Amino acid sequence: MTLKLGVPSKGRLMEKTFDWFGARGITLQRTGSEREYAGRVDGIDNVALMLLSAGEIPRELAAGRIHLGVTGTDLVQEKLALWDQQVESLEELKFGHADLIIAVPQAWIDVDTLDDLDAAAAAFRERHGFRMRIATKYHRLTREFLRTHGVADYALVDSQGATEGTVANETAEAISDITSSGETLRANHLKILSDGMILQSQATLWRSRAAAMDDTDRETLAELTKTLFG
Amino acid sequence: MPTRSETLARATALRAIFEGQGAALVEPPILQPAGTLLDLYGEDIRARAYVTSDALRGEQMMRPDFTVPVVQMHMAHGAEPARYTYAGEVFRRQEHDPDRPNEFVQVGYEVFDRKDPAAADAEVFALIHDALAGLPVRAVTGDIGVLMAAVQGLETTQARKDALMRHIWRPRRFRALLERFAGRSAVPATRVALLAGKAATDAPVIGLRSPDEIAARVQALKEDAAAAPISAQQVDLIEALLDVRETMPHALSRLHDLAVDMPEIATAVARVAEREAALAARGVPTDRLLFEASYGRASMEYYDGFVFGFRAEARADLPAIASGGRYDALTRRLGQGAEIPAVGGVIRPGLILELEGAQ
């Protein structure tokens, strides 16, 4: 059998992952045309490269359809219940840094903490007749964070992209989203709450606890770990 | 694990007990309108409801319990007094524990009767107590109304009381607020700057929250900063109240003691005493019955008076086998001006069978 390694199929995350493995003597590359999601691995035998959407890698790991996968901590924790029972973190790859944060309009001078957000949400509900809306694609992480910190009277609204624009578009009052430099937030007149950090994420190499392995796979994994981490 | 047909058979038998008390059988649809109804649940249930939508009817949820649909039905066209019973599946997403079902059967009994609340509380509790006789379960009771009365009785601004009332369901948050209102926690630097008028911004106002809403909150914060702190003695009394966790007779004597220093809770404490008498009259051994002043605070959000739960004695991993309480405020919110005192409870027949199987 072959050990299946899932890697993000496009963009900087793919390039950086290729660089990270390349620097450790294992060459990952796409084969075929620019648009084809096929790949090959040089520098070790019996490893197959699967190019997948970063968002699907947690699910594939949990289902055991891939043995190893590279994706962000944020996606693993959002998509997998009891994630640490389903996957094991082998190595943080020191790139793909992103913080999941809560942000509100800069004009809200009265809101700097979760405590303020909660009070503002109560007043907002009173005034507008509905709960303050927080746009996000990280429903689980956001909900748990807000519950832990006792924020009430909010409702999560789903936003799968351009989340920073939802406030100006009046489809949400605040957002919970990934940011790396904060530039997009500033450009959209948003600020991060001082205690609004939900999670610090980075690209991580994960091992599936569910994927079946035969003796060859175990040897391959041992050899791969030795090559990567010495 | 009991099979589905065993569970449903037991549910029917339990429902027959309630029908024998004259309860009318009701069967609310599985799919319920999500919007306003979902809003009535506390976040514990609300976040776990399965919500779906179609182009014609908009957002709908799979009923996460029966109580809210039954209250809605009663407030729309119920005669009073009324007693209802039902049996069927409820649906709740599980996000942490894969061993907990996301679909389970509840059998319930709800009483809408303004005549004698203590008797109605005792009726619901005693019926469930008797239905569970012989099982290794232990009942805990509480009354969120005592804590609510204590908060309303604090010598402080109405804004602070409202904030505490709003978080009465979130123990951690409640304590943090109480500490702050008592002047015991540090004020964040950003708040100090804001109060000193040094938080101006030239950022454009975006979104629905308007400049006057922001100004109103700044004003409220200034008023709060000027208000006197809640006294240490009052904070201690609230904490002493939250610590009451005894068998009913001892709890009552603690509550009566506390009512000397907090006369505002006297009426609520009298209700606990009346309920104790009504329970005893129904044959419930109240000398062994537990009363916890903070019981149900974290999970039973629409209850505002009597609360109770029955837990398996040797199975801390199981959810409550039965639970319930009084929800007068819920009838007010669904009644559009009308209201009626109401109390109810549910039993989970699947858990009963599981306990019996282990015996």
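# A walk through two chains

Let us start on one helix: the face of α1(B) turned away from its buried side carries the exposed residues Ser5(B) and Gly20(B). Here, a residue is exposed if 12 or fewer other C-beta atoms lie within 10 Å of its own, buried if 20 or more do, and partly exposed in between, with C-beta atoms placed from the backbone. Helices (H or I, at least four residues) and strands (E, at least two) are DSSP runs, numbered from the N terminus. What you are looking at is a predicted model, in which local features need pLDDT of at least 70 and side-chain atom pairs count only at pLDDT 80 or more, while totals for chains, interfaces and linings use all residues. Residues are numbered from 1 along each chain as its sequence is written, and chains are lettered from A and ligands numbered from 1 in the order in which they are written.

Now turn α1(B) around. Which residues of this helix are buried? They are Thr7(B), Arg10(B), Ala11(B), Leu14(B), Arg15(B) and Phe18(B). These residues lie on the same side of α1(B), because they cover an arc of only 140° around the axis; the arc is that of the directions from the helix axis to the C-beta atoms. They pack against β5 (82-91), β6 (103-112), α5 (117-131), β12 (342-347) and α15 (349-358) of chain B. The length of the helix can be checked too: the expected span is 1.5 Å times one less than the number of residues. For the 17 residues of α1(B), residues 4-20, that gives 24 Å, and the end C-alpha atoms are 24 Å apart, which agrees. Just after the helix, Gly22(B) takes a positive phi of about 90°.

Staying in chain B, look for the largest nonpolar core, which has 86 residues. A nonpolar core is a set of buried Ala, Val, Leu, Ile, Met, Phe, Trp, Tyr and Cys residues joined through C-beta atoms within 7 Å. Val146(B), Ala150(B), Ile265(B) and Ile321(B) touch the most other members of this core, and α5(B) gives the most to it, with 7 residues. Two residues are in contact if their C-beta atoms, placed from the backbone, lie within 7 Å. Leaving aside neighbours within four places in sequence, Ala150(B) is in contact with Ile238(B), Leu241(B), Met262(B), Glu264(B) and Ile265(B). A second, separate core of 34 residues includes Ile109(A), Ala120(A), Leu146(A) and Val151(A).

That brings us to chain A, which has 8 helices and 12 strands. Along its principal axes, the C-alpha trace of this chain spans about 65 × 35 × 30 Å. Of the 230 residues in chain A, 43% are buried. The domain assignment splits chain A into domain 1 (3-96 + 203-229) and domain 2 (98-201); such bounds come from an automatic or database domain assignment. The C-alpha centres of domain 1 and domain 2 of chain A lie 32 Å apart. Their contact takes 6 residues from domain 1 of chain A and 8 residues from domain 2 of chain A. On the domain 1 side, helix α3 (residues 73-79) of chain A gives the most, with 4 residues.

One residue to visit here is Val111(A), in the loop between β7 (98-105) and α5 (114-128) of chain A. Is Val111(A) buried or exposed? Val111(A) is buried, because 24 other C-beta atoms lie within 10 Å. Not counting residues up to four places away in sequence, Val111(A) touches Val104(A), Asp116(A), Leu117(A) and Ala120(A).

How do the two chains meet? The contact takes 27 residues from chain B and 28 residues from chain A. On the chain B side, the elements that give two or more residues are α8 (171-181), α9 (189-195) and α10 (211-226) of chain B. Among these, α10(B) gives the most, with 5 residues. By class, the chain B side has 13 nonpolar, 5 polar and 9 charged residues. Ala, Val, Leu, Ile, Met, Phe, Trp, Tyr, Cys and Pro count as nonpolar, Asp, Glu, Lys and Arg as charged, and the others, Gly among them, as polar.

Finally, some backbone details. Most residues other than glycine have a negative phi, and most peptide bonds are trans. Phi of Asn46(A), however, is near 65°, and this residue lies in the loop between β3 (38-42) and β4 (47-52) of chain A. Asn46(A) counts as partly exposed, because it has 15 C-beta neighbours inside 10 Å. Gln336(B) also has a positive phi, near 45°, and sits in the loop between α14 (328-334) and β12 of chain B. With 9 other C-beta atoms within 10 Å, Gln336(B) is exposed. The peptide bond from Glu80(B) to Pro81(B) is cis, with omega near -5°, and Pro81(B) is placed in the loop between α4 (67-77) and β5 of chain B.
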